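The following exercises are to be worked with the sequence and the model at hand. Each task is followed by a solution in steps.

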Amino acid sequence: GGTGRGGGSQPPEGDVPVGSPDGLDPGLQPGDLGGTADGGDASGQSSPWPVVAISVGVVALIAALPTVVAGARRGLRWRRAGRDPVAAAEAAWSDLRDTVRDAGFDWNPAATPRATGRKLATAAGLDEDSRDLLVHLVTSTERARYSTTPDDAEGLRGDSAMLRRTLLRSRSLGRRIRAALWPSATADVILMSANRVADALDWTDLAGERMRLRAGRLLPGRR
């Protein structure tokens, strides 16, 4: 016989199941097709590259910090000097001191500018142009310290910077890297800060001892 009214025939095997407009088995999950529902890695692990990039950036920042501190200190030194020839000569001499120590040469703070310049020119094997730069720094410092008519500060900062580049270029790569990563100016800042902390602690101990003595005089019955 035929089929009844309103009755439908069963779909052939292999046809799309009822209730699956996308053509998938209702029991099939998106993750079963590979990957994850949000498009990420099927393993569930995030990429390590952002962490690596941040770590490299932090390390680079820490490595550059001493150089930044040393450069900021030199800049502050020259800003304070301004157009004062005496202050400018002392700023140039301080720059030379930092450069000499960064380059690995001996620095004697008790030596005169002329003796220091003579020793440095020989130790560094400076050429004629570099010797002229050094002579400018030496004579400016001598006149600033010992003469009533100091030299003009014009060109001192540029000569100081050029002499620094010349001295550092004459040294080994390892010495230049060390000068960049750990300049002497940074070590000076750390030492100065440590000394100030020690002085503050000493002052605190002394003030506490004075307060205890004063309290003892005001309250003689207390031990």
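Helices are DSSP runs of H or I with at least four residues, numbered from the N terminus. Ser-140, to which Exercise 3 returns, lies in one of them, helix H4. The model is a predicted one.

**Exercise 1. The overall fold**

Task: State how many helices and strands the protein chain contains, and what share of its residues is buried.

Solution.
Step 1. The protein chain has 7 helices and 0 strands. Its pattern along the sequence is accordingly written α-α-α-α-α-α-α.
Step 2. Of its 223 residues, 23% count as buried. The accessible surface of the chain amounts to about 15,900 Å², and carbon and sulfur atoms supply 58% of that area.
Step 3. Among contacts with a separation of 6 or more, 60% are between residues 24 or more positions apart.

**Exercise 2. Helix H4 and its surroundings**

Task: Compare the span of helix H4 with the expected value, and identify what covers its buried residues.

Solution.
Step 1. Helix H4 comprises residues 128–146, which is 19 residues. From its first C-alpha to its last it reaches 26 Å, close to the 27 Å expected at 1.5 Å a residue.
Step 2. At the start of H4, a side-chain oxygen of Asp-127 comes to within 3.4 Å of the backbone nitrogen of Asp-129.
Step 3. The buried residues of H4 include Leu-133, Leu-134, Leu-137, Val-138, Thr-141 and Ala-144. An α-helix has 3.6 residues a turn, so residues three or four places apart point the same way.
Step 4. The cover over these buried residues includes helix H2 (85–102), helix H3 (113–124) and helix H5 (156–169).

**Exercise 3. Three residues of H4**

Task: Decide whether Ser-130, Asp-132 and Ser-140 are buried, partly exposed or exposed, and describe the surroundings of each.

Solution.
Step 1. Ser-130 belongs to helix H4. Its relative accessible area is 4%, so Ser-130 is buried, the limit for burial being under 20%. Apart from neighbours within four places in sequence, Ser-130 is in contact with Leu-163 and Thr-166.
Step 2. Asp-132 is also placed in helix H4. With a relative accessible area of 45%, Asp-132 is partly exposed. Its C-alpha atom is separated by 9.7 Å from that of Leu-163, a residue 31 positions away along the chain.
Step 3. Ser-140 has a relative accessibility of 2% and therefore counts as buried. A polar atom of its side chain lies 2.8 Å from the backbone oxygen of His-136. Leaving aside neighbours within four places in sequence, Ser-140 is in contact with Ala-89, Asp-151 and Leu-156.

**Exercise 4. Salt bridges**

Task: Locate the salt bridges formed by Asp-95, Asp-98 and Arg-143, and state which residues are joined into one network.

Solution.
Step 1. The structure holds 8 salt bridges. Side chains of opposite charge can pair when their charged atoms come close.
Step 2. Asp-95 and Arg-77 meet through their side chains at 2.5 Å, N to O. This pair links distant parts of the chain, with Asp-95 in helix H2 and Arg-77 in helix H1 (residues 49–81), 18 residues apart. Both residues are buried.
Step 3. In the salt bridge between Asp-98 and Arg-97, the closest N and O atoms are 3.4 Å apart. Asp-98 is buried, as its relative accessible area is 1%, whereas Arg-97 is partly exposed at 24%.
Step 4. Arg-143 forms a salt bridge with Asp-151 at 2.9 Å, N to O. Arg-143 is partly exposed, with a relative accessible area of 32%, and Asp-151 is partly exposed at 26%.
Step 5. Shared salt-bridge partners join Arg-77, Asp-95, Arg-97, Asp-98 and Arg-101 into one network.

**Exercise 5. A nonpolar surface patch**

Task: Name the residues of the nonpolar patch on the surface and give their combined accessible area.

Solution.
Step 1. The patch is formed by Leu-173, Ile-177, Leu-181 and Trp-182, which together have about 410 Å² of accessible area.
Step 2. One of these residues, Ile-177, is found in helix H6 (residues 173–181). Ile-177 is partly exposed, because its relative accessible area is 43% and partly exposed residues fall between the limits of under 20% and over 50%.

Terms used: Residues numbered from 1 in each chain as written. Predicted model: local features only at pLDDT ≥ 70, side-chain atom pairs only at ≥ 80, totals over all residues. Heavy atoms only, no water. Patch = residues over 30% accessible without salt bridge, like charges linked within 9 Å, V, L, I, M, F, W, Y side chains within 5 Å. Areas by Shrake-Rupley, 256 points an atom, 1.4 Å probe, with all protein chains shown as cover. Salt bridge = Lys/Arg side-chain N within 4 Å of Asp/Glu carboxyl O. Helix = DSSP H or I, 4+ residues; strand = E, 2+ residues; numbered from the N terminus. Buried < 20%, exposed > 50% of the residue type's maximum accessible area, 1.4 Å probe, protein only. Expected span 1.5 Å × (residues − 1). Contact = heavy atoms within 4.5 Å. Polar contact = N/O pair within 3.5 Å; in protein donor to acceptor, adjacent residues only side chain to side chain.
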